[in-house]
Amino acid sequence: MVSASNQRSRAATARATTATQGDWLRWAKPLAFAASLYPLARLVLFGFTGNLGANPIEFITRSTGLWTLVFLCITLTVSPARRLTGVNELLRLRRMFGLFAFFYVMLHFATYVWLDQWFDPMSIGKDIVKRPFITVGFAAFVCLIPLAVTSTRAMVRRLGRNWARLHKLIYLIAVLAILHFWWMKAGKNDLLLPQIYGTIVIALLGVRLLWWVKRRYAAR
Ligand code: HEM
């Protein structure tokens, strides 16, 4: 009798917790979506008010590149944050942040192809082959495409276990993105930001490695 009422009360608490977390997500998701549009809104505003600086193409390329990296880092932060806080709903924001990383890299790449290279395929091809920082940036971009294409619920269902395997590419993408940034800034002797982002990415990947080792150890 006591245990049945305990069970009922536990189930009620679980339902209440889920409802509270659901409520929390209802406003957090649109808020995160609106905040994620800030980099684009800022660029548009600067464009219309003539505040893109002396070299607007460079400004747009650098801004979209940096925001791509920021969204990659945010996407990689979601899983550790969920594990530390126990708030499973955080995972539902992960796809959105990942897609924003893809959105900003598309803008980044489009700026390069259109405003920097004027749609010249020979020049673009040569650049990708000859400049290592462009080579790794391009590789990161190509790797992001299958992740964006398979981000829908239908694709998650269709690919099953292979979906998780494929999405491990995000780790390689993060490393390539840091290399791209590092290589670009190394030529300018300005490594502070790449070092900061490199440390963040190493920490985020390091936490996962630790958990993986712990899981393997526990399984034995
Ligand atoms: C996931 C993919 C990518 C990420 C995360 C990324 C990130 C970045 C970052 C952080 C910067 C420097 C921003 C700053 O100076 O503050 C940058 C610059 C740049 N990126 Fe990317 N990028 C990516 C892909 C690409 C691709 C595919 C291309 C072209 C094929 C490209 C071309 C460039 C160029 C031309 C610059 C500016 C160089 C300069 O101003 O001297 N990036 N990128």
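This passage describes the overall fold, the ligand shell, the nonpolar core and one helix of a predicted model.

The overall architecture is a convenient place to start. The protein is built from 10 helices and has zero strands, and reading along the sequence gives the pattern α-α-α-α-α-α-α-α-α-α. The C-alpha trace spans about 75 × 50 × 35 Å along its principal axes. Of the 220 residues in the protein, 20% are buried. Among contacts with a separation of 6 or more, residues 24 or more positions apart account for 63%.

Attention turns next to the ligand. The shell around the ligand holds 23 residues, of which G65, G137, A140, F141 and A177 come nearest. Two or more residues of this shell are given by each of α3 (56-85), α4 (91-116), α6 (132-149) and α9 (169-186). With eight residues, α3 supplies the largest share. As for chemical character, 15 residues of the shell are nonpolar, six are polar and two are charged.

The interior of the protein can be read in a similar way. The largest nonpolar core comprises 27 residues, and the members that touch the most others in it are L72, A101 and A177. Helices α3, α4, α6, α9 and α10 (192-219) each give two or more residues to this core. Here the largest share belongs to α4, which provides eight residues. Helices α3, α4, α6 and α9 thus appear in the account of the ligand shell as well as in that of the core.

A177 is a helpful residue to keep in view on the structure. A177 is listed among the residues that come nearest to the ligand, and A177 is also one of the core residues that touch the most other members. Leaving aside neighbours within four places in sequence, A177 is in contact with L69, L72 and A140. Of these partners, L72 is itself named among the core members with the most such touches, while A140 is among the residues that come nearest to the ligand.

The helix α9 rounds off the picture. This helix has 18 residues and reaches 25 Å from its first C-alpha to its last, close to the 26 Å expected at 1.5 Å a residue. The buried residues of α9 are I173, A174, L176, A177, I178, H180 and F181. These buried residues pack against α3, α6 and α10. Of those partner helices, α3 and α6 also contribute two or more residues to the shell around the ligand, and α10 is one of the helices that do so for the largest nonpolar core.

How values were computed. Residues numbered from 1 in each chain as written. Predicted model: local features only at pLDDT ≥ 70, side-chain atom pairs only at ≥ 80, totals over all residues. Near = placed C-beta within 6 Å. Helix = DSSP H or I, 4+ residues; strand = E, 2+ residues; numbered from the N terminus. Nonpolar A, V, L, I, M, F, W, Y, C, P; charged D, E, K, R; others polar. Core = buried A, V, L, I, M, F, W, Y, C linked by C-beta atoms within 7 Å. Buried ≥ 20, exposed ≤ 12 C-beta atoms within 10 Å, placed from the backbone. Contact = placed C-beta atoms within 7 Å. Expected span 1.5 Å × (residues − 1).
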